[in-house]
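Trainee: I would like to learn how to read the empty spaces and the ligand site of a model like this one. Could you take me through them step by step?

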Amino acid sequence: MDFFMEFPSLSRAELASLRRSIDGAFRDFTRSWAETLESFFNPLLRFLVWFENLLLATPWPVILIVIGGLCFAGARSWKITAASVLAFVTIGYFGMWEDTMSTLAIISVATFLCIAIGIPLGIVMARSDRMQAAITPVLDVMQTIPSFVYLIPVVMLLGIGKVPGLIAVCIYAIPPIVRLTNLGIRLVDKDILEAADAFGASPRQKLWGVQVPLALPNIFAGVNQTIMMALAMVVIASMIGVQGLGVPVLRAISNQYLALGVMNGLAIVALAIIFDRVSQTYGKRLQAHRKGHGHD
Amino acid sequence: MTDAKVRISNLYKIFGKAPQKVLPLVRDGLSKTDLLEQHNHVLGIQNVSLDIPEKRIQVVMGLSGSGKSTLIRHINRLIEPTAGEILIDGEDVLSMSDSQLQDLRRFKASMVFQKFGLLPHRRIIENVAYGLVVQGKSAAQCDKQARHWIDRVGLSGYEDHYPAQLSGGMQQRVGLARALATDAEILLMDEAFSALDPLIRYDMQSILLELQNELHKTIIFITHDLDEALRLGDNIAILRDGAMVQQGDAQQIVLKPADDYIRDFIKDINRGRVIRLGSLATGQPPEQGAPLSGDTLLEDALTQLVDAPDQRLAVANKEGRLIGAVTLKDALQAMRS
Ligand SMILES: Nc1ncnc2c1ncn2[C@@H]1O[C@H](COP(=O)(O)OP(=O)(O)OP(=O)(O)O)[C@@H](O)[C@H]1O
Ligand SMILES: [Mg+2]
């Protein structure tokens, strides 16, 4: 009867020794590999630091002009540009300029990394069903596992700092771009691909001349989602030593500063909305030619 | 025929998991329906042999699902056959390596599609130049040739538009220009005009005939429309359930339909616009009256026959030799039955 009332499990001592041996093994691994990994990520760290310092050292009016210029180049809309600049002015006025620059730096670098790794990965997935079957579950895990869980090994390996924070952000933010690149390429019209085949296009000519350009709207949706998810990680990343808008939020939580929390939270939201609007209108502009009788 | 540009021999295509396994059954005469019901394989092409002469228009006709698209895609090997042989200029297409096949598609055979298959993200001029870019031609050459062909299909001024900004008929002209631009000797056209409405379709046929008069390509033209087949085809092949039912020129098919399937196909056509005097000429030609050419369509000969003495006229072949006579009664009978 006892057997049915209590789930048959390992004894407490057995479990403890199991955990100890896993932890021990990982610690050994850390000890022998930490330095190699650190030097491997060193260029990334230097780039991130350089970029953050650049943003912080540049006079604020220059930054505002650059942001306005980028917004206009992307969205081609005065409304979005003006709203973005206004948002940054407000952020600065309320004393959050420096934290915002730090956050901007890590988000930009994380997005860049995700694109650089995610798009090739998505292309590989699209070209082979076996790769797709192998990578999809990994992406599922990356998206569903609570971020605190993978923070542990990352911090054990690399300690507290910008690089582990960046890696944590990337793990969380990379799945959408991989998925949507894969999907976009697989959804390319079979008739158009057949035409390319019939004219003797090589696999490379097909990929860069037909598949990737036609998948661009989807790839762009992926970039957009990746940026949004990276922003969502700002607070968690600040727990392991990333500067930026997450730090005051954390402080606000532990000290129950309502105003501080809300202000910095709103700043993150403002960044998210700007990124979203600009990248979405840019994506729409990319596929304007499909609409038919519109002109260029 | 030894001068076939494209020779297809005993071609079979079976779609399914293990086509080689069921091939012997098909060779023994298993029907398409039975193959599907008993073995879950689809019979695409069965034992088709066809010699396609150089510089002519070969039409392949058949109802939907008869295997026309499957057949034409074997010629540039977009589809691998289950069994059989395909020769182009005596070269075995099936033993070609990947790079030889690529060259075949780049330089020798180009294609026009029912759904156009244009690249929506590229301008018209870039679409027309597509085959040239794939061939590796210089940018200047691509541009020059593309402009030339855009002009030839009557689309000058639309170079910088996108496909979606053009009507269906215009889009297919782009498709045609793209196929012609590569200078391929063989033109594969899979229901190229079927998506267009009748008037535009007629225009496109005229454009094609006009270009053909001067370019003399070997054209394989797929259609399910008999009028189109009769207008364009120097030779017509008819498919049913993947098998060749009859092949020959328009007159042969109209005068001697091989079976009820074809009789059904041709029952509504204007026979006077297909049958020529030469095929009816018999007996001793009369002395008086100028002879008519054997190439004259019945419809065009009627008024002269009515006015002729005894309503009977001599018929001459191409060299001008008399080959017999035709009466008005013969002509009317041939047009009716
Ligand atoms: N990839 C495929 N897999 C399985 N069956 C196929 C495939 N492609 C074609 N078929 C089958 O082969 C037969 C011939 O098809 P095909 O497309 O060649 O016909 P078609 O004469 O071109 O018809 P349509 O006029 O509708 O274009 C059909 O029964 C079709 O269902
Ligand atoms: Mg078809």
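Trainee: Before we look at any space, what pLDDT does chain A average?

Mentor: This is a predicted model, in which local features need pLDDT of at least 70 and side-chain atom pairs count only at pLDDT 80 or more, while totals for chains, interfaces and linings use all residues. Residues are numbered from 1 along each chain as its sequence is written, chains are lettered from A and ligands numbered from 1 in the order in which they are written, and side-chain values use heavy atoms, with hydrogens and water left out. With pLDDT being the predictor's confidence in each residue, from 0 to 100, chain A averages 91, and 97% of its residues score at least 70. For chain B the mean is 92, with 99% of the residues at 70 or more, and the model as a whole scores ipTM 0.88 and pTM 0.85.

Trainee: Where in chain A is confidence lowest, and where is it highest?

Mentor: Elements here are DSSP runs numbered from the N terminus, with helices (H or I) of at least four residues and strands (E) of at least two. Helix α1 (residues 2-5) of chain A has the lowest confidence in that chain, at a mean of 83, whereas helix α9 (residues 190-198) of chain A has the highest, at 96. Chain A has 13 helices and 0 strands, and its C-alpha atoms fill a box of roughly 75 × 55 × 45 Å along the principal axes.

Trainee: How is empty space found, and how many cavities of 30 Å³ or more are there?

Mentor: Rolling a probe the size of a water molecule over the atoms shows where empty space is left. On a 1 Å grid over the protein atoms alone, a cavity is a set of points where a 1.4 Å probe fits but cannot get out, a pocket is an open set with protein on both sides within 12 Å along at least five of seven lines, and lining residues have an atom within 4 Å of a point. Grid points are joined across faces, edges and corners, and a volume is the space filled by probe spheres set on the points. The search of the whole structure finds 1 cavity of 30 Å³ or more, and the largest cavity holds about 50 Å³. Its lining has 13 residues, with I106(A), V234(A), A237(A), V242(A) and Q243(A) nearest the centre, and α5(A) gives the most to that lining, with 3 residues.

Trainee: Which residues lie nearest the centre of the largest pocket, and what classes line that pocket?

Mentor: The largest pocket has about 860 Å³ of space and a lining of 29 residues, of which F51(A), L70(A), L104(A), S108(A) and F275(A) lie nearest its centre. Classes are assigned with Ala, Val, Leu, Ile, Met, Phe, Trp, Tyr, Cys and Pro as nonpolar, Asp, Glu, Lys and Arg as charged, and the others, Gly among them, as polar; on that basis the lining has 24 nonpolar, 5 polar and no charged residues. The second largest pocket, of about 590 Å³, is lined by 7 nonpolar, 4 polar and 10 charged residues, and D227(B), L230(B), R231(B), R273(B) and V274(B) lie nearest its centre.

Trainee: Which residues are around ligand 1?

Mentor: A residue is near a molecule if one of its heavy atoms lies within 4 Å of it, and the residues around ligand 1 include F15(B), K32(B), V42(B), K68(B) and E191(B). Helix α3 (residues 68-75) of chain B gives the largest share of this shell, 3 residues. A polar contact is a pair of N or O atoms within 3.5 Å; an oxygen atom of ligand 1 is 2.8 Å from a backbone N or O atom of G65(B), and one is 2.5 Å from a side-chain N or O atom of T70(B).

Key: Polar contact = N/O pair within 3.5 Å; in protein donor to acceptor, adjacent residues only side chain to side chain.
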